[in-house]
Amino acid sequence: MGNRSSVNSRSEIRMEDLRKQKPAKIYERDVKAQIRGLLRFLGIQHFNHVASALSPRGVPDILGTIPGGRSLLVEVKRPGLSASPYQEAFLAEHRKAGALAFVAHSRDEVLMTLRIAGYEPALRITKVMGL
């Protein structure tokens, strides 16, 4: 019986240690990779914009075209972070011109935005997923 209580003590310590651990940090590059995988799966042509000294300020991370011709601009951020004023202004300018331009923190957020925009493959996927 003494052994059993020591096992419980060890189990409690382990559980307590687990509770103290910080959740794994999510990196923007991982979110971007997941989003780009979704866009490839949905057949949306796109590319990853890499900013340089010659780029205008605020150009989003992902630029593409939805089948049918509508422009797609996605500024990718880790959960909890927001776009800079330059990025928000760039997206707003393109939204006014008819583009689907937004900030995304996850693949699911992109999928739901495409669904709301009426992109048929996104509508079908979210139905299958029960969203």
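Okay, helix 3, residues 85–96. At 1.5 Å a residue, its twelve residues should span 16 Å, and the end C-alpha atoms are 16 Å apart, so the two agree. Keep in mind that this is a predicted model, so everything I say comes from computed coordinates.

Which residues of helix 3 are buried? Those are Gln87, Phe90 and Leu91. They cover an arc of only 95° around the axis, which puts them on the same side of helix 3. Flip to the other side of helix 3 and you get Pro85, Glu93 and Lys96, which are exposed. By exposed I mean over 50% relative accessible area, and by buried, under 20%.

And what do the buried residues of helix 3 pack against? Two strands: strand 3, residues 70–76, and strand 4, residues 100–104. Just past the helix comes glycine 98, with a positive phi near 105°.

Now put those pieces together. Strand 3, helix 3 and strand 4 make up a β-α-β unit, and it is right-handed. The two strands run parallel and are joined by five bridges. If you want one to click on, glutamate 75 has valine 103 in strand 4 as its bridge partner.

Let's stay on strand 3 for a moment. Five of its seven residues are buried, so to speak mostly covered. Besides strand 4, strand 3 also pairs with strand 2, residues 62–66, and there the sense is antiparallel, over five bridges. Isoleucine 66 has arginine 70 of strand 3 as its bridge partner. Strand 2 and strand 3 form a hairpin with three residues between them. In that turn sits glycine 68, whose phi is positive, about 110°.

How enclosed is strand 2? Four of its five residues are buried, so the rest of the structure largely encloses strand 2. Strand 2 also pairs with strand 1, residues 45–48, again in the antiparallel sense, with four bridges. The pair to look at there is histidine 46 and its bridge partner in strand 2, glycine 64.

Moving along the chain, we reach helix 4, residues 107–116. Here Val110, Leu111 and Leu114 are buried. Their arc around the axis is only 100°, which puts them on the same side of helix 4. What covers them? The cover includes helix 2 (28–41), strand 2, strand 3, strand 4 and helix 5 (120–129). And helix 4 is followed by a glycine with positive phi: glycine 118, near 90°.

Right, zooming out to the chain. In total we have five helices and four strands. From the N terminus on, the order reads α-α-β-β-β-α-β-α-α. The chain has 131 residues, and 31% of them count as buried.

For the contact-map people: take the contacts with a separation of 6 or more, and 51% of those are between residues 24 or more positions apart. The accessible surface of the chain is about 8900 Å², and carbon and sulfur atoms own 55% of that.

If you open the model afterwards, I'd begin with helix 3 and its buried side, meaning Gln87, Phe90 and Leu91, and go from there to strand 3 and strand 4, which those residues pack against. Then go on to helix 4 and look at Val110, Leu111 and Leu114, the buried ones. That's my tour, thanks.

Terms used. Residues numbered from 1 in each chain as written. Predicted model: local features only at pLDDT ≥ 70, side-chain atom pairs only at ≥ 80, totals over all residues. Heavy atoms only, no water. Expected span 1.5 Å × (residues − 1). Buried < 20%, exposed > 50% of the residue type's maximum accessible area, 1.4 Å probe, protein only. Arc of directions from axis to C-beta. Contact = heavy atoms within 4.5 Å. Pairing = 2+ DSSP bridges. Right-handed = clockwise from strand over helix to strand, strands pointing away. Areas by Shrake-Rupley, 256 points an atom, 1.4 Å probe, with all protein chains shown as cover.
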